[in-house]
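Ready for some practice in reading a protein model? Take a look at the sequence and the structure, then work through the exercises one step at a time.

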Amino acid sequence: MSAEHKDPVDAIIGQWAAVRPDLDTRAMEVFGRIYRLSRTMGDRTEKAYANLGIARGEFDVLATLRRSGEPYTLSPRQLSATLMLTSGGMTGRLDKLERAGLLRRSPDPHDRRGLQVTLTEQGLELVDRAVGAGLAVQTQALSALDAEQADHLADLLRELLLATEK
């Protein structure tokens, strides 16, 4: 393999091969790259969101409401379950987003003890801009592959994810 096609994972694999030639490092090659890609793309996407004044966790709340469809309303419990957050963690995010005018909390008309969380117009506009900004960063990185390669990679990763979630 030429030096221009080697990445940091290749160096790690080479070091292991030198000291432990008995190891099958194929899994390390795959998951090491997935981990590094995830971290790099997470950082780049975070930066795109930060340019809009929100962090990843705040984006996740806004995006979950947006994906729910009109009227962009969910209960705090539904949000917590979707985002796998404790109620305390969710409350902190909701407080911050409500203070920023991006969502509002109101009594649930069907449950006297419950609340509803709804995107405001400002929140809807911001999350639409943020999802576009995040996708632009990801699309730019994915442009290293042609469409067929990207589709094939997505299919392989889906198979791997499904196999690990069993």
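**Exercise 1: a pair of strands**

Keep in mind that this is a predicted model. Find out in which sense strand 2 and strand 3 pair, and over how many bridges.

*Solution.* Start by locating strand 2 at residues 103-108 and strand 3 at residues 111-119. Follow their directions: the two strands pair in the antiparallel sense, over six bridges. Next, pick S106 and look across, where Q116 in strand 3 stands opposite. Finally, look at the link: two residues lie between strand 2 and strand 3, and the strands form a hairpin.

**Exercise 2: one helix**

Compare the reach of helix 3 with its expected value, then list its buried residues.

*Solution.* Helix 3 covers residues 56-67, which gives 12 residues. From first C-alpha to last it reaches 16 Å, close to the 16 Å expected at 1.5 Å a residue. For burial, use the cut-off of under 20% relative accessible area. The residues that pass are G57, E58, F59, V61, L62, A63, T64 and L65. Now step just past the end of helix 3: G69 has a positive phi of about 85°.

**Exercise 3: the largest pocket**

Work out which helix supplies the largest share of the lining of the largest pocket.

*Solution.* First, the space: the largest pocket holds about 750 Å³. Its lining has 19 residues, with I34, L37, L142, L153 and L157 nearest the centre. Helix 2 (26-50), helix 6 (121-142) and helix 7 (147-164) each give at least two lining residues. The largest share is that of helix 2, with seven residues. Sorted by class, the lining has 14 nonpolar, two polar and three charged residues.

Technical notes:
Residues are numbered from 1 along each chain as its sequence is written. This is a predicted model: local features need pLDDT of at least 70, side-chain atom pairs count only at pLDDT 80 or more; totals for chains, interfaces and linings use all residues. Side-chain values use heavy atoms; hydrogens and water are left out. Helices (H or I, at least four residues) and strands (E, at least two) are DSSP runs, numbered from the N terminus. The expected span of a helix is 1.5 Å times one less than its number of residues. Buried means under 20% relative accessible area, exposed over 50%, partly exposed in between (1.4 Å probe, protein chains only). Two strands pair if DSSP finds at least two bridges between them. On a 1 Å grid over the protein atoms alone, a cavity is a set of points where a 1.4 Å probe fits but cannot get out, and a pocket is an open set with protein on both sides within 12 Å along at least five of seven lines; lining residues have an atom within 4 Å of a point. Grid points are joined across faces, edges and corners, and a volume is the space filled by probe spheres set on the points. Ala, Val, Leu, Ile, Met, Phe, Trp, Tyr, Cys and Pro count as nonpolar, Asp, Glu, Lys and Arg as charged, and the others, Gly among them, as polar.
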